[in-house]
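Please open the model in your viewer and keep the selection tool at hand. The tour below goes from whole chains to single residues, and each stop says what to select and what is there.

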Amino acid sequence: MLGQLVTLGLVLLLLFALFSPLESLLWWSRRVQADQAVDPQALLEAADAAAVTAPARGPWLVFLSGIATIDQNEPVPSEIALLQKVADRVGGHLVDDVFPYAASNTGLLHRRRSQLWGVLDRWRVRRPSAVVPALINVRNLFQVAVAADPRYGPTYGLGVASAVVESLKRHGCRLDGRDPIVLIGYSGGAQPNCWVGHFVRGLGVPVWMISIGGVFGDGPGIASAEHLWELHGGSDSVARAGNAVFASKWPVAVTSFYNRAREAGRVSRTVVGSMTHFGPRSYFDDAALADGRVGAVVTEEWLASIIGGQLDLSLPRPEPRPADGV
Amino acid sequence: MDFWGWLSAVFGELGVVLALGGGDGVAPPPLTTALGIALVAAVSTFAGHSFLIFLNGIRGLRALLVLAIGVVFFVLLYLAQAVVIGLIAPLATGTHLGLSEVGALSLAASAPLAFGVLEFLPHVGLFIGKVLQVWGALCLAALVGGGYHTSAWTAILLSGGAWLIMQLASRVLARPVGLAAAVLWRRVTGLEAVFTPADVLSGAPFIPVADPDVEAAARTEGP
C-alpha cells in the first residue's frame, strides 16, 4: 500500500515537473498571438508603469526571494527589513515586489488555484514542519529548473526581466544608465537573475549581481553583470549542493558564462559566516551564530559594504553591451 | 496476430532491446514489431513536441501536418541509418541481412526514446537526452551484434561507423533535404517555413513560423 502511494506520488511529481515549463511558454505564446512586443529590447522599453514615487537617484536594489515565497504581496518581513536597512545605508532604493517564479509575475495567491496555495500557506505557518505545504517550495523549485534550462530560460527570464523593469519604473527608477541596478537573489531567486541581468543590461543599464546562498546554474546575465558576488554561509549545505548539481559551475565547464566570468575576475565567492540556508541562524535570522555574531547583521554588513563601497557609481552611461557568446 | 498480441510483442521486445539482450546481443525483431517500437518512441518524443506546436498557435490540420512530417522524418532517419548499416556491416562480418531485417534492426534501436518525453523535463531533461542518445547507441550495437552474429567490439565499431557516416551525411545532405522539405511545406500550406536543415536530420519536428508579411502576401497572391 505504502509502495503504491509512493509510486503514485512520484508519478504525480513527474507530471508536475513535465508541465512546469508550460507556464512561461504559454506566457510567451500569448504575447506572440496577441501581436505584442516580443523583441526583448522593445518589450522592456515598452514596460509601462506609472511611477508611484517621484524619480530618484541612487543604486536600485532589486530583491528576488527564495523558493519559499508565495506572492509578491507576501514578502518575508525579516528579508525586507534587512534589505531596507541596507538600502537606507547606501542611499539607495529597494524593489521587492517581483515574484521571481513566474514569467507573468503572477503570484500564487493571484491565480485560479489561489485558494489551494492559500490553504498550504496557512498550513505551513501553523505547522512549519508539515510536509504537504512543501508543495509551494517544490513548485517554485521546478521554476528554478526552468530558468536554468537554456531551452526555456530565455522566455522565462524575459518575463521576469519585464516584471523587474516595470517595478523599477513604478518605483521611480529612470533606467537611463546613471544609476546601478543591483540584482540580489536569495537561494533560488539567484537563477532568474542570470537572465534578468542580461536583458536589463541590454537597455544600457549597468547591472551588478549579489547572490545570498544562491542556488543557480548559468545564464548570460552573469556575463552581462559588471560583477557577481556569491555570499555563502559556512553551514549552508543547500547552496553547496546547488554548486554540485549545476554542471555549468564545474571546473570542466570552461565555456559556461559562469566560468568565463570567473576566469575574467568578475565573480567573487565568499563564505561570510556560519549561516545555514534557512530557518534559525540563517542569513536573515537574528539568532546568534557559533562565533557569537548575528546572521542578519553579518549579511547586512556585507551587502552594505559591497553596494556602498565597491560599485562604481561614477560610471558614464554605458552603451548596451550584448553578453559574451549570446 | 491481433492488435493486443502485437502490442504485447512490441512492449516485450522493447524491454529486451532496452536491456541490451542481457549483454548477449539482440536478434532483430520482426519488422512489424520494430515499427511498433519506433511508434512508441515517436509518440513519446512527439508528445512533448506537440505542446510546443500548440503553444506556437499551430492548430488543426496544420498541427497534424507538422506532427506527421515530424514522424515521417523520424522514421526516415532510422531507415537511412539502416541503409548505412546494411552497406557497411556485410563488409566486416560477411553476413548479409535482408532489407526488412536491417530496417527492423535500425528501427528497434529507437527503443530508448520510449522515454523521450522525459527530455522535456526542465534542466535534468538535457542530461536525460544525452543518456538516451548513449543508450540508443548501445541498443544499436546490441542489435547489430545479434543480427550479424558478431562480437561486441565489432558491433560497437560498426554502429559507431554508421553513426559517423550519418553525421557526415547529415552535413552534406542537410541543405538539399531542408530545401526540399521547405518547398513541400510551401506547396502543402502556401506558407513559408522557418525550417533549418538541422531540424530535418535531427528528426525533430519543425515549427513553421510564418513571416507575417509573407503570410499576408501569400493570402492575397495565393500559393
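Two residues are taken to be in contact when they have heavy atoms within 4.5 Å of each other. With that in mind, select chain B of this predicted model, where residues 24 or more positions apart account for 70% of the contacts with a separation of 6 or more.

**Chain B as a whole**

Colour chain B by secondary structure, and you will find 8 helices and 0 strands, which read along the sequence as α-α-α-α-α-α-α-α. Of its 223 residues, 40% count as buried, and if you then switch on the surface, chain B exposes about 11400 Å², of which carbon and sulfur atoms supply 71%.

**Helix 5 of chain B and the loop after it**

Next, select residues 124–147 of chain B, which form helix 5. This helix has 24 residues and reaches 34 Å from its first C-alpha to its last, close to the 34 Å expected at 1.5 Å a residue.

Move on to His149(B), which follows helix 5 of chain B and is found in the loop that leads to helix 6 (152–189). Its phi is positive, about 50°, although His149(B) is not a glycine. Most residues other than glycine have a negative phi. Is this residue, His149(B), buried or exposed? His149(B) is exposed, because its relative accessible area is 70% and the cut-off for that class is over 50%.

**Chain A as a whole**

Now hide chain B and select chain A, which has 12 helices and 6 strands. Its C-alpha trace spans about 65 × 55 × 45 Å along the principal axes. The radius of gyration of chain A is 19 Å, which agrees with the value near 20 Å that a compact globule of 326 residues would have. Of those 326 residues, 54% count as buried, and residues 24 or more positions apart account for 73% of the contacts with a separation of 6 or more.

With the surface of chain A shown, about 14300 Å² is exposed, and carbon and sulfur atoms supply 59% of that area. If you colour by charge, there are 29 positive and 29 negative charges in chain A, and their mean positions are 4 Å apart.

**Asn105(A), a second positive phi**

Select Asn105(A), in the loop between strand 2 (93–95) and helix 5 (114–126) of chain A. Asn105(A) is a residue other than glycine whose phi is positive, near 60°. At 18% relative accessibility, Asn105(A) counts as buried, because the cut-off for that class is under 20%.

**Helix 7 of chain A**

Continue to residues 153–170 of chain A, which make up helix 7; at 1.5 Å a residue its 18 residues should span 26 Å, and its end C-alpha atoms are 25 Å apart, which agrees. Because 14 of the 18 residues of this helix are buried, helix 7 of chain A is largely enclosed by the rest of the structure. Just after the helix, select Gly172(A), which takes a positive phi of about 100°.

**Asp285(A), on the way to helix 12**

Select Asp285(A), which is found in the loop between strand 6 and helix 12 of chain A. With a relative accessible area of 23%, Asp285(A) is partly exposed. Leaving aside neighbours within four places in sequence, Asp285(A) is in contact with Gly279(A), Pro280(A), Val294(A), Gly295(A) and Ala296(A). For a distance to check in the viewer, take Met275(A), which is 10 residues from Asp285(A) along the chain, with 9.0 Å between their C-alpha atoms.

**Helix 12 of chain A**

Finally, select residues 295–309 of chain A, which form helix 12; this helix has 15 residues and reaches 21 Å from its first C-alpha to its last, close to the 21 Å expected at 1.5 Å a residue. Its buried residues include Val298(A), Leu303(A), Ile306(A) and Ile307(A). Which elements do the buried residues of helix 12 of chain A pack against? The partners are strand 1 (60–64), helix 4 (77–89), strand 3 (181–186), strand 4 (207–212), strand 5 (228–233) and strand 6 (267–273) of chain A.

As a last stop, select Val297(A), also found in helix 12 of chain A. At 43% relative accessibility, Val297(A) counts as partly exposed. Val297(A) and Cys194(A) are 103 residues apart in sequence and 26 Å apart in space, C-alpha to C-alpha.

Terms used:
Residues numbered from 1 in each chain as written. Chains lettered and ligands numbered in written order. Predicted model: local features only at pLDDT ≥ 70, side-chain atom pairs only at ≥ 80, totals over all residues. Heavy atoms only, no water. Helix = DSSP H or I, 4+ residues; strand = E, 2+ residues; numbered from the N terminus. Rg over C-alpha atoms; globule rule 2.2 N^0.38 Å. Buried < 20%, exposed > 50% of the residue type's maximum accessible area, 1.4 Å probe, protein only. Areas by Shrake-Rupley, 256 points an atom, 1.4 Å probe, with all protein chains shown as cover. Lys, Arg positive; Asp, Glu negative; His and termini not counted. Charge placed at Lys NZ, Arg CZ, Asp CG, Glu CD. Expected span 1.5 Å × (residues − 1).
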